Amino acid sequence: MTDQEHLERAYRRLLAWYPREFRRENEQEILAVLMADAPDGQRRPGLAESADLIRSGLWLRLRPSVPRSARTVRAAVKLMYAGAAVSTVNLIMLMALIGDAKAYHAMLGYHLTAAQVSQLTTLFITVAIVWALVPIALWLWMARACGRGRNWARIVSTVLFGVATLDLTGAFGPPGFRLSLALTVFGPTISVLYWLVGLAVVWLLWRPSSKAFFRPPGYTQAQHQAQMAESDHQAQMAELARIRTRLPRHV
């Protein structure tokens with residue numbers, strides 16, 4: 001396989017982060033621009049370039065497309081993204097402190113061999129990372145669904161907030177790692193932040209001004225759908241124009 005073929009395959013994998021309809025209409029043009037902009041002999045995209053394409057693709061997938069007329073829903077969606085950011089910070093903290101897992105076992109009074117501690121630490125790291133990713137996925141999923149006017153997402157968000165409220169009562173324990181609905185460190189701080197953000201989100205989603213977005217009359221619903229489609233189209237065209245600016249002058 002030639003360098004060009006290696007590079008093209010790598011770019012196609014990165015473009016998979018973009019929405020399917022965007023790729024269907026523009027993938028070949030974007031690929032041509034990326035290939036034309038790459039220096040001779042390059043076999044794979046650079047780290048910064050890969051991060052940029054992944055970030056842009058995720059943004060097109062997850063960006064709030066709520067009409068400006070639905071202000072309360074837009075605010076709720078933004079708060080959900082803030083909740084995802086808090087969850088990401090929590091994950092980073094967990095990964096930074098994961099090396100203290102052995103000390104944590106010792107603090108609990110475990111008497112294990114070195115091999116047992118090593119095995120337990122590996123299992124703990126795996127469970128901790130997977131468990132900490134769950135809240136991030138839930139925040140992003142609910143933000144996207146609510147931003148699309150899905151009434152079931154508003155109901156699910158409320159149910160999740162109720163579960164978080166029940167879970168909050170167990171957050172006020174001794175500092176350390178706590179495995180509950182959200183794996184947290186240093187006591188109840190993250191859990192309280194989750195709960196406060198969730199409270200604001202639920203309040204905004206069930207405001208009377210939000211009802212028209214989730215359960216509008218037929219004509220208004222068609223208007224909302226048209227506005228969201230236009231917003232998505234404008235964002236996709238802006239991204240395509242951004243990529244086109246990389247096209248060399250001689251192409």
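**Close-up 1. L138 and the nonpolar surface patch in this predicted model**. Let's start with L138, which sits in helix α6. L138 comes out as partly exposed, its relative accessible area being 31%. That clears the 30% that a residue has to exceed to count towards a patch, and L138 does indeed belong to one, together with V134, W141, W152 and L160. This surface patch is nonpolar, and its five members add up to about 440 Å² of accessible area. Two or more of the residues come from α6 (114–147), and the same goes for α7. The biggest giver is α6, with three residues.

**Close-up 2. Helix α7, end to end**. Here we have residues 151–168, the 18 residues that make up α7. How far apart should the ends of this helix be at 1.5 Å a residue? The answer is 26 Å, and the end C-alpha atoms are 26 Å apart, so expectation and model agree. Several α7 side chains are tucked away: N151, A153, R154, S157, F161, D167 and L168 are buried. W152 and L160, by contrast, are part of the nonpolar patch on the surface.

**Close-up 3. Helix α8 and its buried face**. Run the same length check on α8 (residues 189–205): its 17 residues should span 24 Å at 1.5 Å each, and the end C-alpha atoms agree, being 24 Å apart. Buried residues in this helix are I190, S191, Y194, V197, G198, V201, V202, L204 and L205. Where do the buried residues of α8 fall when seen down its axis? They keep within an arc of 160°, so they line one face of the helix.

**Close-up 4. E27 and R12, a salt bridge between α1 and α2**. The side chains of E27 and R12 pair up here, with 3.9 Å from N to O. The 4 Å limit for a salt bridge takes in this pair at 3.9 Å. E27 belongs to α2 (residues 20–37) and R12 to α1 (residues 3–15), so the bridge ties together parts that are 15 residues apart in sequence. Is E27 buried or exposed? E27 is buried, at 17% relative accessible area, while its partner R12 is partly exposed at 30%. The count for the model comes to four salt bridges.

**Close-up 5. D52 and its two arginine partners, R55 and R242**. D52 meets R55 in a salt bridge at 2.9 Å, N to O. Both sit in α3 (residues 47–62), and because they are three residues apart, about one helical turn separates them. D52 also bridges to R242, with an N to O distance of 3.1 Å. That second pairing reaches a long way along the chain: R242 is in α10 (residues 218–244) and D52 in α3, so it ties together parts that are 190 residues apart in sequence. As for R242 itself, it is partly exposed, with 31% relative accessible area. Elsewhere, salt bridges with shared partners link E8, R12 and E27 into one network.

**Close-up 6. N26 in helix α2**. What is the relative accessible area of N26, and is N26 buried or exposed? N26 has just 7%, so it is buried. Leaving out residues up to four places away in sequence, N26 touches M237 and L240.

Notes: Residues numbered from 1 in each chain as written. Predicted model: local features only at pLDDT ≥ 70, side-chain atom pairs only at ≥ 80, totals over all residues. Heavy atoms only, no water. Helix = DSSP H or I, 4+ residues; strand = E, 2+ residues; numbered from the N terminus. Expected span 1.5 Å × (residues − 1). Buried < 20%, exposed > 50% of the residue type's maximum accessible area, 1.4 Å probe, protein only. Patch = residues over 30% accessible without salt bridge, like charges linked within 9 Å, V, L, I, M, F, W, Y side chains within 5 Å. Areas by Shrake-Rupley, 256 points an atom, 1.4 Å probe, with all protein chains shown as cover. Contact = heavy atoms within 4.5 Å. Arc of directions from axis to C-beta.
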